[in-house]
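Okay, thanks for coming, everyone. I'll put the structure up and then walk you through a few spots.

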Amino acid sequence: VHQHMFAARLDMAVDDEDGGKGLSVSEINLESMPSGGGNGHGNGFWCTESVFATEGQAQREAHAPTARAWKISNPAVKHPVTGKAVAYKLAPAAGPTLLVASDSAVA
């Protein structure tokens, strides 16, 4: 048994003439709403969005329980229909992280 790990570098310019310098990267997670009020049946949920200020903050892992996804957007360019910033959404498939010992040669 073995694992295959893949990584890709994406050049997401998203309508940015400066090659992506004006882009914003945010993380989106689903969260349950508290029961009561606008959630009378207790089955409501919403999305929370956190904008990353640095590349270090953006080093994250997929998280299936919250359907974690990332959005790369350009706040300077608005979509002609929605009026929101143009963006791409990255939605990873759930899977395990590297299953090796912390002192492994490949860790």
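**Salt bridges, a pocket and an odd phi**

Let's start with E49, which is partly exposed, with a relative accessible area of 43%. Its side chain meets that of K71 in a salt bridge, 3.2 Å from N to O. K71 is partly exposed as well, because its relative accessible area is 24% and partly exposed runs from 20% to 50%. That pair ties together distant parts of the chain: K71 is in strand β3 and E49 in strand β2, 22 residues apart.

Before I go on, keep in mind that this is a predicted model. The chain averages a pLDDT of 87, and 100% of the residues score at least 70. Among the elements, strand β2, residues 45-51, has the highest mean pLDDT at 96, while strand β4, residues 85-90, has the lowest at 91.

Back to the charges. How many salt bridges does the structure hold? There are 3. Besides the K71 and E49 pair, we have R60 with E27, where the closest N and O atoms are 2.7 Å apart. R60 sits in the loop between β2 and β3 and E27 in strand β1, 33 residues apart. Then R68 also meets E27, at 3.4 Å from N to O. R68 is in that loop between β2 and β3 too, 41 residues from E27. So shared partners join E27, R60 and R68 into one network.

Now, is E27 buried or exposed? It counts as buried, because its relative accessibility is 5% and the cut-off is under 20%. R68 is buried too, at 15%, whereas R60 counts as partly exposed at 38%.

Staying in the loop between β2 and β3, have a look at A67. Most residues other than glycine have a negative phi. A67 has a positive phi of about 50 degrees, and it is not a glycine. At 44% relative accessibility, A67 counts as partly exposed.

Next, the largest pocket, with a volume of about 1400 Å³. Its lining has 33 residues, and A8, R9, L10, A58 and L90 lie nearest the centre. The elements giving two or more residues to that lining are β1 and β3. By class, you get 21 nonpolar, 7 polar and 5 charged residues.

Last one: L23, in the segment before β1. The C-alpha atoms of L23 and N74 are 4.7 Å apart, with their positions 51 residues apart along the chain. Beyond its sequence neighbours within four places, L23 contacts M12, A13, V14, D16, I72, S73 and N74.

Note on methods:
Residues are numbered from 1 along each chain as its sequence is written. This is a predicted model: local features need pLDDT of at least 70, side-chain atom pairs count only at pLDDT 80 or more; totals for chains, interfaces and linings use all residues. Side-chain values use heavy atoms; hydrogens and water are left out. pLDDT is the predictor's confidence in each residue, from 0 to 100. Helices (H or I, at least four residues) and strands (E, at least two) are DSSP runs, numbered from the N terminus. Contact means heavy atoms within 4.5 Å. On a 1 Å grid over the protein atoms alone, a cavity is a set of points where a 1.4 Å probe fits but cannot get out, and a pocket is an open set with protein on both sides within 12 Å along at least five of seven lines; lining residues have an atom within 4 Å of a point. Grid points are joined across faces, edges and corners, and a volume is the space filled by probe spheres set on the points. Ala, Val, Leu, Ile, Met, Phe, Trp, Tyr, Cys and Pro count as nonpolar, Asp, Glu, Lys and Arg as charged, and the others, Gly among them, as polar. Buried means under 20% relative accessible area, exposed over 50%, partly exposed in between (1.4 Å probe, protein chains only). A salt bridge is a side-chain nitrogen of Lys or Arg within 4 Å of a carboxyl oxygen of Asp or Glu.
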